[in-house]
Amino acid sequence: MSNSNIRPESMARITTRALADAFIEEQVARVRAQVGDKKVLLALSGGVDSSVVAALLIRAIGRQLTCVHVNHGLMRKGESEQVVEIFGREMDCNLVYVDATDRFLDLLAGVSDPERKRKIIGKEFIEVFADEARKLEGVEFLAQGTIYPDILESIKQAEGKKAVKSHHNVGGLPEDLKFDLVEPLKLLFKDEVRVVGEALGLPHAMVYRQPFPGPGLGVRCLGAITRDRLHALREADAILREEFDRAGLAEKVWQYFVAVPDIKSVGVKDDSRYEGWPAIIRAVNTKDAMTATIEEIPYAVLHKIVARITDEVEGINRVLYDLTPKPTGTIEWE
Ligand code: XMP
């Protein structure tokens, strides 16, 4: 591990706009010095880290940057559209948008083991991204949204500590794609990344977005993914997010989402038997995702969510609220 990967003790915590502006200015100069007039590639998921890197690099090197957004078909409702809107339209950015939904869902058909699903999604993600990278000429650098906790995690893993789940980032590109890395956020903690993101003009909702796993809705559509259940999950999750926003809970709760298992129960709708899946709601608070507590959601909000999901989402006939902390539950169900 090189020293440039260790945060100096003297480095001030970036908590204000002025500190963020100074950081941006310094990184813009560094990136320009590092890449010169060469081209840089970035996998832009739309998450906080990759979005902030994109905005920073657009400021530093403009159209020398190409962002590739791979829609794996497992994004939340409206997310890919937001990436295209902000980076493709509002910012002066070279954005390649790839709708790879069919590639991913075809590979995942019939696969129910969570770790196999993760591996398939991670591997395919790299392949789709590599396909796009090969189409571009003269790219010498790969930018990444690595942040300091990622560096600390890899130090832990190098010391032989085992992870509970195999989280993936863009790593391990094929041999023929050798790039030098540009990682302007690698010494920052998440709260600092958000301050920098706002200073760069990214929308508040994007910068304060709750964490979302790389495999996306793939690990929330429990068991073998089907398109109809995935669709129901996406719609139910969008309702949950909307109601949390309305109730002012969005920034009080660290992570909240819906999971839909592959089981059906008997219900009744319009006086007829109605078999459907349950939507499972999870809303947790945590500092570091290693342990998590359950957020107490007011019953009025829960009732509204239950009413809307069962009323508006085809295929769902019950809503369950998971009250299990971590441990023993993990935050995600898979
Ligand atoms: P767990 O379920 O392990 O989740 O308690 C802890 C945090 O990690 C996120 N998570 C993932 N993030 N790839 C990711 O990038 C993954 O495969 C993955 N699995 C879980 C989870 O959403 C929570 O924030």
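**Exercise 1. Find which backbone oxygen lies 3.2 Å from a polar side-chain atom of His 72, and place His 72 in the fold.**

The backbone oxygen is that of Gly 214, which lies 3.2 Å from a polar atom of the side chain of His 72. This pair is a polar contact, a term that stands for two N or O atoms within 3.5 Å, where within protein one must be able to donate a hydrogen and the other to accept it, and where residues adjacent in sequence count only if both atoms are side-chain atoms. This is a predicted model, in which local features need pLDDT of at least 70 and side-chain atom pairs count only at pLDDT 80 or more, whereas totals for chains, interfaces and linings use all residues. Residues are numbered from 1 along each chain as its sequence is written, and side-chain values use heavy atoms, with hydrogens and water left out.

As a next step, His 72 is placed in the loop between strand E2 (65–71) and helix H3 (79–90), where helices (H or I, at least four residues) and strands (E, at least two) are DSSP runs numbered from the N terminus. Finally, His 72 counts as buried because its relative accessibility is 4%; buried means under 20% relative accessible area, exposed over 50%, and partly exposed in between, with a 1.4 Å probe and protein chains only.

**Exercise 2. Decide whether Ser 80 is buried or exposed, and name the side chain that it contacts.**

Ser 80 is found in helix H3. With a relative accessible area of 3%, Ser 80 is buried, and its side chain makes a polar contact of 2.8 Å with the side chain of His 69.

**Exercise 3. Describe how the protein surrounds the ligand, and say where the ligand lies with respect to the domains.**

Start with the shell, which has 14 residues, of which Arg 118, Lys 165, Lys 326, Ile 331 and Glu 332 come nearest; a residue is near a molecule if one of its heavy atoms lies within 4 Å of it. Then look at the oxygen atoms of the ligand: a polar side-chain atom of Glu 332 lies 2.5 Å from one oxygen atom, a polar side-chain atom of Arg 118 lies 2.6 Å from an oxygen atom, and an N or O atom in the side chain of Gln 255 is 2.9 Å from an oxygen atom. On its own the ligand has 490 Å² of accessible area, of which the protein covers 89%, with areas taken from the Shrake-Rupley method with a 1.4 Å probe. The last step concerns the domains, whose bounds come from an automatic or database domain assignment: because domain 1 (3–207) and domain 2 (220–321) both give residues to the shell, the ligand lies between them.

**Exercise 4. Identify which helix gives the most residues to the largest nonpolar core.**

A nonpolar core is a set of buried Ala, Val, Leu, Ile, Met, Phe, Trp, Tyr and Cys residues joined through side-chain atoms within 4.5 Å. The largest one has 52 residues, and those touching the most other members include Leu 41, Phe 179 and Phe 244. Helix H5 (residues 114–135) gives the most, with 8 residues, while domain 1 (3–207) and domain 2 (220–321) each supply at least three. Leu 41 itself sits in strand E1 (residues 39–43) and counts as buried because its relative accessibility is 0%.
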